[in-house]
Each structure stands twice: as C-alpha cells, then as structure tokens.
Amino acid sequence: MAEKRSPSPIDPRSGLPGGRQSRRDLVRRGVGLGISAAAIGGFGLLDAHPARARAALAAGQEQATPGGTVTLGYSSEPPTMDPRVSGATHAWRLFYNIFDPLVVYDAENNQFLPGLATEWTMSPDGLVYTFQLRDGVKFHDGTPFDGEAVKFTFDSILDPELKSLTAIGYLGPYERTEVIDPLTIEVHFREPYAPFLNNLAHSVLSPVSPTAVAKFGADFGTNPVGTGPFMFKEWQQQVSMTLVRNPDYAWPIAAYQHEGPAYLDEVVVRFILEPTTLMGTLENGESDIIDAVLPQEVERIQGDSGYQMFLPEVPGSPQVLPLNAANPPTDELPVRQAMLHSLDMDTIIETLWYGTRKPAQGPLSSPTFAYNPAVEAMYPYDPERAATLLDEAGWARGGDGIREKDGQRLTLEYLTFSGVQGQAGELIQAYLLEAGMEVNLQQVEYAAMAAAFLAGEHNIARVYFSHTDPVVLSTLYHSRNIPGTNFNRTMKPDPELDRMLDAATAELDPEARREQYLAIQQYIMDQALTIPLWEEVVLWGARADVQGIHFQPLGGVWFYDVWRQQG
Amino acid sequence: MLAYARTRVLLTLPVLLGVSLLTFMILHLIPGDPARMLLGDMGGGSAAGDVSDEAYENLREELGLNDPLPVQYANYLTSALQGDFGRSFQTNRPVRESIAEVLPYTVQLTVVGLGLAVLIGGLLGVIAALHRNTWVDSATMAVSLVGLAMPSFWLGFILIQVFSLRLAWLPSTGSGDLTTLILPAATLGLVASGVVARLVRSTMLEVLRQEYVTTARAKGLGERIVIVRHALRNALIPVVTIVGLQFGALLAGAVIVETVFARRGLGRLAVESILRRDYPMVQATILVAAVGYVLVNLLVDLSYAWLDPRIKYS
Amino acid sequence: MQQTLPAPRAMLGAGSTPAGRGRWALVRRLRQNRGAVVGFALLAVVIALALAAPLVTTHDPIKINPPARNLGPSPEHWMGTDQFGRDVFTRVVYGARISLPVGLIAVAIAAVVGTVLGLLAGYYGRLVDGAVMRVIDIMLAFPGILMALVVVAILGASLQNVMIAVGISEIPRYTRLVRGSVLSARENLYVDAARITGLRDAAILFRHILPNVVGPMVVLATLSVGSAILAAAGLSFLGLGAQPPRPEWGAMLADGRQFLGSHWWIATMPGFAIALTVLAINMAGDGLRDVLDPRLQSR
C-alpha cells in the first residue's frame, strides 16, 4: 500500500560511511552557493574566496583537533531557545546546535537525507508519513529519544498555551501522530501537504525532551534540552549564551562531516546588536566569528589573511517590496509595472551592498527549489518604457515633474525600517522621483509598520521570508494571509492565485509541483505584485584559525564540525 | 526630620501609581499589536510558516489582550502589588527575573559614571573657579563642555575606536569585570561632568565670597585649607542636588551607552521592549526606573536637610 | 515631589533681571565674558552658513550620485562624499537648517507649555498647584528619553514629531523653574499692591510676575537648545528620528556610524557639526547666565 520513496542515495541502515561522500558534496555545494552569490554580483570581490573556503574544508577533514572555545559575535538575541515557539531565523540557526532535525534537506537534488529519522515512506494519498527513527539516541538529560518524544513534540506545538509562532504553521494540516513501536511512527494529515518533509528539516520541528518540558514547563525556552551535538549550559540575557559539547553524541545527521562528539569544548554566543560594535569585536579578537560583517568591510576582510569571509545564500523569498494592489495608485497594473521599470536595481543593490548581495529578480531567491529564471528578463531598467506605460495610463507630468491624473498626484506611501532598509528606500525614492512618482518614505519600527500594513494604508510595503521550500509564496501571496497575519501585503484577494497556490501546496509529485511554482512566479510578476530587492546572504566573517566552517540551509554555521587551529 | 521623611515617602506613592497608569495608557496609544509583533518577520531575517487567523487570535487571547483595557490595567496592578509583573511577551520569562538580572549592571554603570562625572567635573570646576576670568577658567570650562556637546553614542564609538580598536587597551563589549565597565562609564561620566563642572564653578565662586571664607582667610589659615575645609565642603551641597537632577539624564545616557557597548542593562531592556510592544516588560522597566528616580531624589532631599542645617522642614 | 523643598539656593527670586538702561550694561558685560563671546561668534557663523547654504555650497544636498560615493575629502568635496555620493559639506551646511530649528522649536514647545503650567501652579497654589505638580512629578519620574521614544512611537517618526517628543520631555524643567520664581515673586509687595489696585489675575501674571522669570528662562532655554539637538540625535540612533533624505545631523551621524572604520568622514563631519554647535550654544548660555544671574547654578 505504502509507496516507498527513496529518501537518499545513502542506505540509511548501513549507517554513516556510505553517506560520507554525499555529505561532503552537500557541504561543498553549500559553500559554493555563497561563492556564486558574490560571483554573480560581478564585482570581482570574492575571487579569492572559493579556494580559501575549500582549503579550509579540506583542512577541516584532515587535521581537525578537538578542544578549545569559539566565541560567536551574534547580531541578534533569540527571544527563546524553545524551537517549537520561536519565529526568528536567527534563533533557528542556533537551535540546530542543540536540537537535531528528523531529516536533512539536500537542496541541490531537492531530496531528503537522514537526520534522527533513518527512513520514511508516504502513503500514495499523501495523508500518512511513516518514519523509522534512529536507535540509541539520547536527549541531553538522559531521556531516550523515541516515537513518543516525536509525538509529544508535535502534539505540544498545537497546545495554544505554548504560543507557537512558526512550528505550528510548519505542521500544516497535521492531524495526529501514532506510535507504532518505539522507533516507528505514523504522522497523519487532514489533507495532502507537500512541504512537510522540507519543514521537518528545519530546526523548529526538532524533537524536544518530554522529560525536560515536563520539568521546566514555561521555562523550557531558557533551559532547552535536545539531542544535538551541543548542550545548553547558560544564558545570561542581553550578554551571552554558552553551549558545551555533548560527549555522548554519536548520531551525526547527514549534513555533518565527521563522527563522534563535536570538536569544540564550548561555543560562546555573545549578543552584540549594534553592527558597528559587532564589526569591531571581530577585529580586536573579542569575537572569533561574527554573523554580520559590515558590507563595505567585506573586501578588506577578504584581502586580510588574518580573516576568512563566507557568504552563504538564504533561500526563500528574497527581500521584496510588495505593492498594495488594493490602494490607489498602485491598484493600477501599469503604475506597478512602471515602478519596476523605473528602478536601476543593479546600481541600487551595488550601492547598498558593495557586491555582497545580488539583485533579486522575482518572488523567490535563485537557490530555492522551483526558482523560475524566466522572471529575470521581465522588468529591465527602462525609464522610457516606464514613461510610456504611465502616459498611456493617463498619468501625465505635472508642473513640478510629478505625474497627475484627474487632479490626483502620483504619490506613493512607502513604509519601511530604518537602517539598510531605509537606505534602500532613499535610493528607490530617488529613482521613482525621476520617473515622476512622489514617494512619501517613512522609516518606522516594526510594530508601527505592521499596524499600518494591516490597515492597508501603504502603497509599498516590505517583507522577507527565508525557507527552503517555495510554499513560502503562500505565506506572502495567498489571500488568507491578508488579514490575520498580514504577511500578504499586496492586499488584494486574487482567487486565481489562491487556487494555484493551494494546488501547489497539495501537489505530491515534485516535478509537477515545480511546474506549478514556475507558473505562480510568472503570474506574480505579470501582475507586478512585488518589487524584488536583493537575495539575502549572511555575511560571516571569521578569524583565520577557526576551521571547518560550513553552512545550514538557511545560512547558519554547523558548529559541530568547527574546530580551532592550535597555537 | 522623621515626620518630613515619612511625608516624603508617602508622597512618592501617588507618583508611582501615576507613572504606572501613564505607562499603561501610553502603551495602548502606540500603534502596534504585540501579538502581530511576535508573529512578525522582523529582525532582519526571520521566517514564519503559514500562520492562520486562529493562531493569531489564540495568541491575543493567551496574552490577555482581548480583555477590556480597565480590566487589563486592574489585572496588572493587582499582580504588580503582589510582586508579580507577569511574563514577557517576547521571551515568556518572568519579568521580575529579567529585571533583577539586568538592574545591577545599570546601577553599577550609573554609579560609576556619576562618580567619574563628580570627580572630573569637580576638579575642572574648582580649577576654573580658582582662576576666575583668566584663560585657565575659559579653557577648563570649554573642555568640560566638550563632553556635554557630543551625542553620547558618538562619544562611545570614538572611545571604542581609540581605546579598543587602535590602542587595544580595553574591551569594547561585555558586562563582566571592571575593564568592561571603564569605557561605558567614561562615556556616561564625560557627558555628565560638564554639568557638574559648571555647577561646582559657580557655587565655589559664591562660597569664596561668603563671610566664613573671608573670616577663615583673615584668621591666617592657608589657602589650601580654606578651600578644602571650608569652601569645597559647602560647594558640595548643590552637587548633591545635581545627583538627583542628573539621575534622569544618566538613565537616558545608559539607554544609549548600553546599546553601543552591548552591555547588559535596564535602559536597553526598556527600549527594546518598547520597540517590541512587550507590554509587561515596558510597564516594569519604566516603573523600576521611576522608583529609582524617586528614591534617589528622596535621598537627595533628606541628605540635603542633613548637610545644611539651615534648612528646616515643617 | 520637589515642591516640598523650599527651593534651597533658589531657582532665584525676583529682581535679578537688569531693567531699563541696564540693557547696554548687559551687552557690555557679555562682551567681557570670553566664553560668551566665543560661543556667540561660533553660533553666528553656524547661523550665517545655514542662511547662506545655497551660496556657500556647490552640490545638491538630496540628490544621490552612487558612482561618486565614499570619496575622501578633496578640493572638490571638502568633507568627502557619503555612502550615496552626496557632498558631505553640502549636507552638513543644509543640516544646520534642520538641526537648529529642531532645537529651537522643541525648546519653544517646552518653554511655552512649561511656563504656562508653572505660572498656574505658582500663582494659584493649593489645588491647581497640587494637580500640576503631581503631573510634573510623574513626568519627571518617567525617564526623559523613553518618554520621547514613546511619544515618537505614538505619533510616528518624523522631524515634526521628534520636536514635539523632545519638547514634551523637557516641560518639567520649565514648570519647576517658573513656579519657583512665581512663588517668591508672589511674596513681593508689588504684587500685593497690584492686587489691591484691582488688577486681574492675568494682568498681574503677565505684567508683574512673568518679567521676573524671563532672565533665568532665557538661560535655561539657551542651554536646552543644545540638549534638544542631542536628544534628537539620540532618537535617530535608536531608529526613530528624522526621515530621509533630510540631512538632519543626528540622522547623518547615525547612518554614517557603520562607516567609521572604512570611510570616517561620513559620520565624523556631522558629528563635529553637532559638537561645535552645541558647544557654542552652551558657552553662550553660560555667558548669559553669568551676566543675567550669577547665582543660578543648575540647569
């Protein structure tokens, strides 16, 4: 009855040796993505990078020495370390060190590799997934990892009192989990949900220790207990979090490059939210590795043999500016199209990011599954085209250069953050002004912005969602997310788009699903519902003696393989 | 004196109540929904799944945001009076715990900062007063004003650039040993020292004109003794006042200094929770800051009465 | 709660304002005050530059020019160019047209509201005094920058709202100063005399009491223009300041801080502009205070 889907080229039961080669490939690809980001940027900054990164990798596999501490300067402090609760990517990147996922996503081949689950099958109707779990795995508190723990994790996410922000969405139309035997579970869904395995690869659905949850209750978020290569030791709020090596770790997930416990004794995560200060700590040695090198400093750091620079790309929705299709004047398609043609994105993105990030082309980032390259040619920088579109739509230049129609000026309300988002706003404002569009740019804090978006007062919004699955397009463009969560800031319900998104979410055949998402991207850009800004990249900088750095699917470092050169 | 102290203490209660009510009202005037904030995609790179309306509504319910405002305030007040400030919307940690953790660091920062301010400012002020209307006076006063003329975050970044990056003498971040305290406290102290210097200068000038100083001089006491024993002591009285007046300014400075130096503290906690609409945390941080202000000023008033016996309280 | 203090070494009493022909004496005394002369001179230069901005600058303060970004100081760009290729000198000069008014207007708001409250509290005493001073006590206990932050959060981030926010947070100072002055003025015979002659309250307030407060008010206002400019910069640092592309100094400084390690001039130049201007204001204010009232010590 159950159709077996081969999870990976690795024979899961034979254990790790067979998987070594493909793990290494996966890793190399991860680094390669970072390189391509810069190479496509085309500013010649990063030529030295691939060689160094590979050398570091090779070194990591040959002469890794255990011991030592690495201090990570981190640009954000997670609100909680309970993966079931948190909604912040910055936190997810840390979760992976403490919690192991059930599966690992291989983006290159769009397939899944073993994590805490060794193999899995899906029923033909897509409603039941059966997982075999790895034997001999223990949580940090000694609790054995088994089917009950997975069931407990999933069920507890649904408990309203937990206030789950992301995991609850990642479970999709989850119905229940049945424990067949201690190491076999069935996960039942109310309707077919194609992104489930992909969601499962994210740390937010990683199993948590049921004993620890029972013990700590609401304080589990400050006392996290998982099965991962590092154990939580201490969290001084606003200051730092200390993770120590899990000495019993013997179940590396497929993303990892060695076996046995992690190399490092400790990882100290220091929270330094002020970017200028954070940059300084890499230079004076207060941090060994930081996750936000200032973009204008990337070239210098690369040219300095005392440092290494990494630029892993983050898949999902790039940074985009959704356009409000329900509010004039952006309710007119020609206005939206003219806006896209008025922006010289190459110059804007280079000005903001110094070649470290490349312009986005559509609603998905290029490393995401089912990315549609056809969108790249749709809206070149073409002021004349923009002028024609506006002229034909009846928007004529007024006395002061701003276009008008029926006595209405072409004024656009643009809400965004301060900082680099605000600077992007300044540049966009300047280009749109050239095209005869007046932009009222407002930099506000997130909370005020969200309130304004919900009220639909904007013409230009902003949003960014990382994910390894294109289902993120439902989050940002499905009409059910216009009210409520308000992540759809295009504001206009579109039944056709909803239908396409729903179909793709339920489509179980990967190739058919890919085709559907290609069409969806084309549709969104035909409708000019969004201005793609840049594809997100994490600007990791490390001191030269930190070795074995490679990256999680959303751009975090797998600290399990990191080691410190002695002397 | 005791009766006065009692009255003063009693008078602080309506003020604190007022602060809590004002904070509560202001919070609900600020646009922005804490539940949406939690679900949000802020933080320069966050993600969420496909969150349903029900999840959002459930969140509001769990946070107690669906109750009528007076009920919310009454609930808050009742718990707060029992020492329970609730749990943070953001971290789900007990607010009292978070505040107890960070408060000592802000106290340390402001006390040392104030100490530096009194030391530097006092010295400059005395020097200026003793050389009244000479170039020394002008120069010292100009120097004392420089710290006061710079935005504190700017001063902080300059100190980091010079002492932490170029000279590598001191760490730029941290909340641990004494070395991590020096740069932030200096930033805070330099800003406040200008105020102290000007105050000390003018009161010194005034005191030096007083009869008892003239008398002391006439008695043939050495100039240094006159200055230290008589003039300086009396000039210190208004400096005590300024401790109270400056406390608010120091706290404001701490907000920024703690951010620049990635230091643990109440000011940062307050700003971050305002920006995140973390209502319970905002309520508590502002209340604690207000209690601090009220306490310091209470102490100032009392010590004033003690220092200057000419002042009588009815 | 401070009103129970009998204003030791008072926020000064009546009669300290030089009257009538003393005006020239005032100027003469100011001219003898070195700090004041330097302060006023510097301030005059800043104001002159602001007024003559289009004449002394050669570039556009707003228009971006990405190819020319991050250029160091040169004969073409005295202070270099910023991250968008705009001439930093031009922006600093135009910035004076924004930052000075921010300081002035914020202070005007604080002074007007604060004075009215202080007059009411001091003159009517009892219930009015109690009510006003309770509110002021609450405002004082509410940390100033947080007050400004929440006000901007409520009203929305804009230059205008920054002025209002900073203004509101400075009201208590003026109320306390004016109230103290009124209390001592009220004791004076001429107020009794005025009352006996049947003058109305408003007339007494404005004709007899207010003039006595003007001296210390001018001093306080001058000094707080500087702190208002700094407060606006602090709000920019916290991300709630003036909106781009306005060349407000605090916003330029806050935006430019990330370039301190690579292109120092972008933040340093507006930083100097703020420091110099606030220094000038403070020196001028100190001079005024020395002249108007040698006994007023605290800000």
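Select E404 of chain A first: E404(A) stands opposite R409(A) in β17(A). Strands here are DSSP E runs of at least two residues, helices are H or I runs of at least four residues, and both are numbered from the N terminus. The model is predicted: local features need pLDDT of at least 70, side-chain atom pairs count only at pLDDT 80 or more, and totals for chains, interfaces and linings use all residues. Residues are numbered from 1 along each chain as its sequence is written, with chains lettered from A and ligands numbered from 1 in the order in which they are written.

Widen the selection to strand β16 (residues 403-405) of chain A, which pairs with β17(A) in the antiparallel sense over two bridges; pairing requires that DSSP finds at least two bridges between the strands. Add β15(A) and you have an open, antiparallel sheet of three strands, ordered β15-β16-β17. β15 (396-397) and β17 (408-409) of chain A are the edge strands, each with a single partner strand, so one side of each has no neighbour in the sheet.

Next, select residues 333-342 and 383-392 of chain A, which are helices α10 and α12. Their axes come within 8 Å and cross at roughly 165 degrees (axes are lines fitted to C-alpha atoms over the stretch in contact, with angles from 0 to 180 degrees between N-to-C directions). That makes α10(A) roughly antiparallel to α12(A), a label for angles over 145 degrees. To check the contact (C-beta atoms, placed from the backbone, within 7 Å), show P334(A), Q337(A), A338(A), H341(A) and S342(A) on α10(A), and P383(A), R385(A), A386(A), L389(A), L390(A) and E392(A) on α12(A). These residues divide into six nonpolar, three polar and two charged (nonpolar: Ala, Val, Leu, Ile, Met, Phe, Trp, Tyr, Cys and Pro; charged: Asp, Glu, Lys and Arg; polar: the others, Gly among them).

Now colour chain A by domain: domain 1 is 69-312 + 540-564 and domain 2 is 316-535, with bounds from an automatic or database domain assignment. The domain centres, taken over C-alpha atoms, are 31 Å apart. Domain 1 of chain A gives 19 residues to the contact and domain 2 of chain A gives 15. On the domain 1 side, twelve are nonpolar, five polar and two charged.

Finally, bring in chain B. Its contact with chain A takes 50 residues from chain B and 53 residues from chain A. Among the helices of chain B that each supply at least two residues are α2 (34-39), α5 (95-130) and α10 (223-260). Select α3(B) last: α3(B) gives the most to this side, with six residues. By class, the chain B side has 21 nonpolar, 17 polar and twelve charged residues.

How values were computed: Angles under 35 degrees count as roughly parallel, over 145 as roughly antiparallel, 65 to 115 as roughly perpendicular and the rest as oblique. Two residues are in contact if their C-beta atoms, placed from the backbone, lie within 7 Å.
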